[in-house]
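Thanks for coming. I have one structure to go through today, and I will keep to its geometry.

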Amino acid sequence: MRAKGRWHAAGRLALVIGGLGIASALLLGVEARAADTIKVGWVGPLSPPGGYAEGALMKQATQLAIEEINAKGGVLGKKLECFYEDTRGQPEEGTAAAQRLISQDHVVGITGEFHSSVFLAEMEVAHAAGVPIIAVDVWALKITGKGYPEVFRVAPNQALIAAKYGDWLAAAGFKNVAIIVEKTDGGQSARDVLLPILDKNKVHYDIVGSDPNATEFTAQIERFKSNNPPYDFFMTIFSEAGAYPMVSQSYTLGFAPTAHTGIGNTGGPAVDPTFWENVKDGGKYLVTEIVGLPKNAWNDKTKGFVAAFKKKYNTTPSPQAVENYDAMYILAEAIEHAKSTDGKALVAALEKTHWLGGRGMYSFSTSHDPDWAYHQFMAAPVALVQYDKVGQEADDAPIIWPRNIATVKYMYNKPPK
Amino acid sequence: MSWNYLFIQAANGLVIGVIYALIAVGVTLIFSILKIVNFAHGDLYMLGGYCAYYVITLLGVPPLAAMFLSMAALFTLAVALERTMLTPLYSDRTERKDEYGLIVTFGLAFFLRNVAIIAFGPFPLKPPSFISGVTRFGSLVLTNDRLFAGGTGLLLIAALLYFMHRTIWGQALDAVSQSRESAAIVGINAQRFNSFAFGVGAALAAAAGALIAPIFSLAPDMGVLPNIQAYVIVILGGMGSVIGSIIAGITLGESEGLFTAFFPDATRALAYTNAFGVLVLMIVLIFRPTGLFGRRHLRME
C-alpha cells in the first residue's frame, strides 16, 4: 500500500511539474507573441444599462478596421492587437476599463465610446497616464472643452449637431416646440446648445426631462397634445431604445407626425438597423441626423467600408460604425507617422493628422477658441435628413439641412392632412 | 384641465396598471410559496416576450397562440431553473436562505440579460400587433394593442384568482404558503408546489412580456424597470398578497400616469414618475407598515 501511495504522490508531482512547464511555455509564447504586436484599446457599451445596440455596431466596425490594417501588414511592421472593454454605459465601469487597458494590457492608444458621461471618466485615466484617447460617438462639449492634450474627437459635438437643429427649426418656421430630453450628459449638452438658439430666434419651447430607460410616454404625450396653443414640432433628444416607443406612441396618439406637428429624433436610434421594425409608419416624416458624409458625397473609402461591412456582418453600418472604423485607422496612422508608441509622440502625430477616411478629410483643431474646439474634428459631417418613405435607409433619405448640401428644395416635408 | 383630459389619462393609467399587476402577481405568488423575492422576474418577462416573438416570426403562429406557447415554454424553463438553482432553499443546511435567494435570482437576472444580448441581438425588436389600429372613445385614443393587453391581462388575473380560490391545486398552494409543515401533514408535497409556483409565476411574466412587446418593443434590458416596479407593487400590496398586488399594480399605474399628467412643473413630471411611485409606497408604508393588504399577508405567511 505504501509503495502504491508513493507512486501516486510521484505521479501527482510529475503532473504538477508538467503542468507548470506547459503553463510556462504558453506564457512565454504569449509574451513572445505580444512583443510582436502593438496593443490598442476599444471602449464602449456592450451590455445593459448602456447603449449596447450601438456599441455592438461600433465594435464590429473596429474589428473590421483592425483586420484590414493587419491584412495590409500592420503598423511599423507589427500587427495591431485590440483589447475590447465593455463599459456598460457606466462611468465607474469606464474608469475601470481604461485602467485595465492602460495598466494591465499596456495599450498605446484607445478609441471608442458612446456615452459622454462614461467617456468623461475614461479620459481622466488616459490623461493621467499620458495615453491618447479618441472619442468616437460622444457629443458633450466638455470632452474636448477640458483641453486635455491626450483627448481627440472624431465625432461632431453638440455645438455642431444641436446647433444645426436649432438653426433648422428657426429657418423652417417652427414657432412652438415640445422637447423631451434624456437626462444624461449628452442630453444636457444638447439642451445647453439648442435652447439659446431657439431663444435667439424667438421660437417658443417647452422642455421635459426623462429617465433614459423610460419606455412609457403616453401621459406626457397626452399632456403635450392638450397644450394650447398646439405645438408645431416634437423634438426628441433621446439616444436609448426608449426612442422607439416614444415615436410610436406619438404617432398612434395622433400627436406627431401630423399635418400640424412635425417630429425629430437626435441621438442615433433613428438610424439603427431595427428602427423601421419598431416604429413602422410612425417613422415616415421623422427628421434625424446622419453624422457621416451624405451618400452623394461618399468617397472610395466610404463605399469600400460600407461594402465590406455589409459583406462581413450582413447589415448596413450606422454612421457611428463609420466613425469607429475611421478612428482606428487614424490611431494606426498616427503610430506609423510617429514611428513610436510613446504617448507624447502619438499626441503630436495626431495633431498633424491629415487623413482621408470614410467621413472626409480628418484633421484636429489646436485652437482653444471656443474651448471645445481643441482637438475636435471641426469638419465632422452632420446633415439633417427627413424620411419620406417607410423602410428608407438614412443614407437614402432627402437631406434638408444644411442648405448647401440639401438634396431637396423644401426645408420640411409636411405630412398631408 | 378638463374632465375629458382626466378621463384620458385615467384610462391610460388603468391599462398600464393592469400590465404592472400581471407582472407583480407572479412575483407575489413566488414570494408567498418560496419565500424569496425573485429579482429575475423581469428577465423572465423579457424571455417570454422574445419567445412569443420568435414563435410568431419563425413559425408563423398567430400572436395570441404564441403568447400561450410562450407561457408554456417559460413555465417549463422556470421549473427547470427552480429544480437546479433553488433547491438549497429548502435544505436545513442552508443557513441564510433569504440571502441565498437574493444572490441566486440577482445572478440569474444578469445571466439571462447577457445571454439575451448574444442570442437575440442588441437591437430592439417588435412583433406584429395582436390587433392593429386604434380605438377612439370621443377624444380618447387607445391603441388596440393596449386594449388587448389590458383585457387579456384582466382575464389572466381572473383566471389566476379562480385557480387560487376554486381549485384543489390552488388551495394546496395557499396551504403551502400558510404553513409548509401543516401542508405536509395533510399530504401535500411542498417541493412539487415550489416548482409549480415558480413555473406559474414565470408563465404570467411571459404573458406580460408577450402582451407588452407590440407596445414597448423587445430589448434584452426591458426587464430591469419592471423588476423594480414589481418589487414596489408587491410591497405596496402587502408581501404575499395576490389581491394586494393586483390592486397595488393598478394603483401604481394610475398614480404614475396622473402624476405625469397633473404635476404642476411640467418640465419635471416625466423624469420624476418612477420616484413618485416609490413616494406612494413610502407614504402607504408609514400608515400601513405591512402594505395595503397587510392582514392578508399575515394569513398567507
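I will start with the conventions, then take chain A, its border with chain B, and a helix pair inside chain B.

This is a predicted model, in which local features need pLDDT of at least 70 and side-chain atom pairs count only at pLDDT 80 or more, while totals for chains, interfaces and linings use all residues. Residues are numbered from 1 along each chain as its sequence is written, and chains are lettered from A and ligands numbered from 1 in the order in which they are written.

Chain A first. Its domain assignment, with bounds from an automatic or database domain assignment, gives domain 1 as 38-156 + 298-373 and domain 2 as 159-290 + 387-405. Taken over C-alpha atoms, the centres of these two domains of chain A are separated by 28 Å. Across the border, 17 residues of domain 1 of chain A are in contact with 17 residues of domain 2; contact means that the C-beta atoms, placed from the backbone, lie within 7 Å. On the domain 1 side, the elements that give two or more residues are α2 (52-71), α4 (116-129) and α12 of chain A. Helices here are DSSP runs of H or I with at least four residues, and strands are runs of E with at least two, both numbered from the N terminus. Of those elements, α4(A) gives the most, with three residues. By class, that side of domain 1 has nine nonpolar, seven polar and one charged. In this scheme Ala, Val, Leu, Ile, Met, Phe, Trp, Tyr, Cys and Pro are nonpolar, Asp, Glu, Lys and Arg are charged, and the others, Gly among them, are polar.

Now the sheets. One open sheet of chain A has five strands in the order β2-β1-β3-β4-β5, with parallel pairing; a pair of strands requires at least two bridges found by DSSP. Its edges are β2 (79-86) and β5 (151-153) of chain A, each pairing on one side only. Direction ignored, neighbouring strands in this sheet are turned by 25 degrees against each other on average. Axes, I should say, are lines fitted to C-alpha atoms, for helices over the stretch in contact, and angles run from 0 to 180 degrees between N-to-C directions. At one end of the sheet, strand β4 (residues 133-135) of chain A runs parallel to β5(A), joined by three bridges. There, Ile134(A) stands opposite Phe152(A) in β5(A). Helix α12 (residues 319-338) of chain A lies across β1, β2, β3 and β4 of chain A, and runs at about 165 degrees to β3(A).

The other sheet is open too, with seven strands of chain A in the order β7-β6-β8-β9-β10-β13-β14 and mixed pairing. Here the edge strands are β7 (204-210) and β14 (399-401) of chain A. Strand β6 (residues 176-182) of chain A pairs with β7(A) in the parallel sense over seven bridges, and Ile179(A) stands opposite Ile207(A) in β7(A).

A few backbone points in chain A. Most residues other than glycine have a negative phi, and most peptide bonds are trans. The bond from Pro48(A) to Pro49(A) is cis, with omega near 5 degrees, and Pro49(A) is in the loop between β1 and α2 of chain A. The bond from Trp401(A) to Pro402(A) is also cis, with omega near 0 degrees; Pro402(A) lies in the segment after β14 of chain A. Lys280(A) has a positive phi, near 45 degrees, in the loop between α10 and β10 (286-290) of chain A.

Next, the border between the chains. How many residues of chain A are in contact with chain B? The count is 33 residues of chain A against 32 residues of chain B. The chain A side draws two or more residues from each of α2, β7, α8 (218-225), α9 (243-252) and α10 (275-279) of chain A. It divides into 13 nonpolar, 12 polar and eight charged residues.

One helix pair spans this border: α8(A) packs on helix α1 (residues 3-34) of chain B at about 165 degrees, with the axes 10 Å apart. α8(A) is therefore roughly antiparallel to α1(B), the term for angles over 145 degrees, with under 35 being roughly parallel, 65 to 115 roughly perpendicular and the rest oblique. The contact uses Thr218(A), Ala219(A) and Glu222(A) of α8(A), and Ile8(B), Gln9(B) and Asn12(B) of α1(B).

Last, inside chain B, the axes of helix α2 (residues 41-59) and helix α8 (residues 190-216) of chain B come within 7 Å and cross at roughly 55 degrees. α2(B) and α8(B) are therefore oblique to each other. The residues of their contact divide into 14 nonpolar, four polar and no charged.

How values were computed. Contact = placed C-beta atoms within 7 Å.
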